[in-house]
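User: I should like to learn how to read the features of a protein model. Could we work through one together?

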Amino acid sequence: MKAMLVEESCLKCHSEQGYMIGDIRGDISVSVPMAPYQAVADASIRRHCLTYFLIWAFGLIFFNYFLFLLRKEIKGKESMEKALQVSEEKFAKAFHNHFLLMMISDLESGVIHDVNEKFTSLTGFSKAQAVGKTAGELGLCDDSHRERIKNELEKESDLEELETHGCDTLKLIS
């Protein structure tokens with residue numbers, strides 16, 4: 001509401017009413033019905049709330065789904081690691097307790113990575129003495145034998161068909 005003050009231009013028509021410049025002649029107010037505007041605002045708020053709720057709900061669903069996938073992958077990896085550990089244990093038992101002399105070496109360099117108990121008992125070299133060296137360095141076999149095996153493996157991928165005997169210079173203690 002705003003007061004209407006008498007101005008000089010007002011006195012042209014209203015001077016006989018006894019008004020003076022600066023007197024309050026009345027007031028003016030504007031009334032706007034707010035119900036339609038409030039309804040639009042309420043609908044907008046409901047729409048925004050629904051939109052934010054749906055975004056939150058989908059985010060929560062996707063978060064839980066990816067959490068489920070992550071847990072599933074972790075369980076799969078754990079079971080694969082356990083299976084690998086069991087396999088390694090079985091291989092280690094079979095390798096170290098085998099009745100034949102066995103060693104694991106790098107095909108390219110011939111460096112020995114592991115030997116079994118039969119190797120140590122027949123050659124006289126301890127595992128610590130053999131690991132890190134080649135059969136040639138230990139004086140057990142010359143490098144030409146390793147080269148022949150390497151060439152055979154490159155030609156034939158089937159290890160069952162590979163003839164690995166023939167290290168004529170193998171020296172064993174009795």
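Analyst: Let us begin with a definition: helices, of at least four residues, and strands, of at least two, are DSSP runs, numbered from the N terminus. Please note that this model is predicted. The protein has 5 helices and 4 strands, and along the sequence they follow the pattern β-α-β-α-β-β-α-α-α.

User: Where does Thr134 lie?

Analyst: Thr134 lies in a loop, with helix 4 (127-130) on one side and helix 5 (143-155) on the other.

User: Is Thr134 buried or exposed?

Analyst: A residue is called buried when its relative accessible area is under 20%. Thr134 has 10% relative accessibility and therefore counts as buried. Buried residues make up 13% of the 174 residues in the protein.

User: Which residues is Thr134 in contact with, beyond its neighbours within four places in sequence?

Analyst: Those residues are Ser109, Gly110, Val111, Ile112 and Asp143. As for distances, the C-alpha atoms of Thr134 and Ser105 are 8.0 Å apart in space, although the two residues are 29 residues apart in sequence.

User: How many disulfides does the structure hold?

Analyst: A disulfide is a covalent bond between the sulfur atoms of two cysteines. The structure holds 0 disulfides.

User: Why does Cys13 not form a bond with Cys10?

Analyst: The cut-off for a pair of cysteine sulfur atoms is within 2.5 Å. The closest cysteine sulfur to that of Cys13 belongs to Cys10 and is 8.4 Å away, so the two are too far apart for a bond. Cys13 counts as exposed because its relative accessibility is 54%, whereas Cys49, at 48%, counts as partly exposed.

Conventions:
Residues are numbered from 1 along each chain as its sequence is written. This is a predicted model: local features need pLDDT of at least 70, side-chain atom pairs count only at pLDDT 80 or more; totals for chains, interfaces and linings use all residues. Side-chain values use heavy atoms; hydrogens and water are left out. Buried means under 20% relative accessible area, exposed over 50%, partly exposed in between (1.4 Å probe, protein chains only). Contact means heavy atoms within 4.5 Å.
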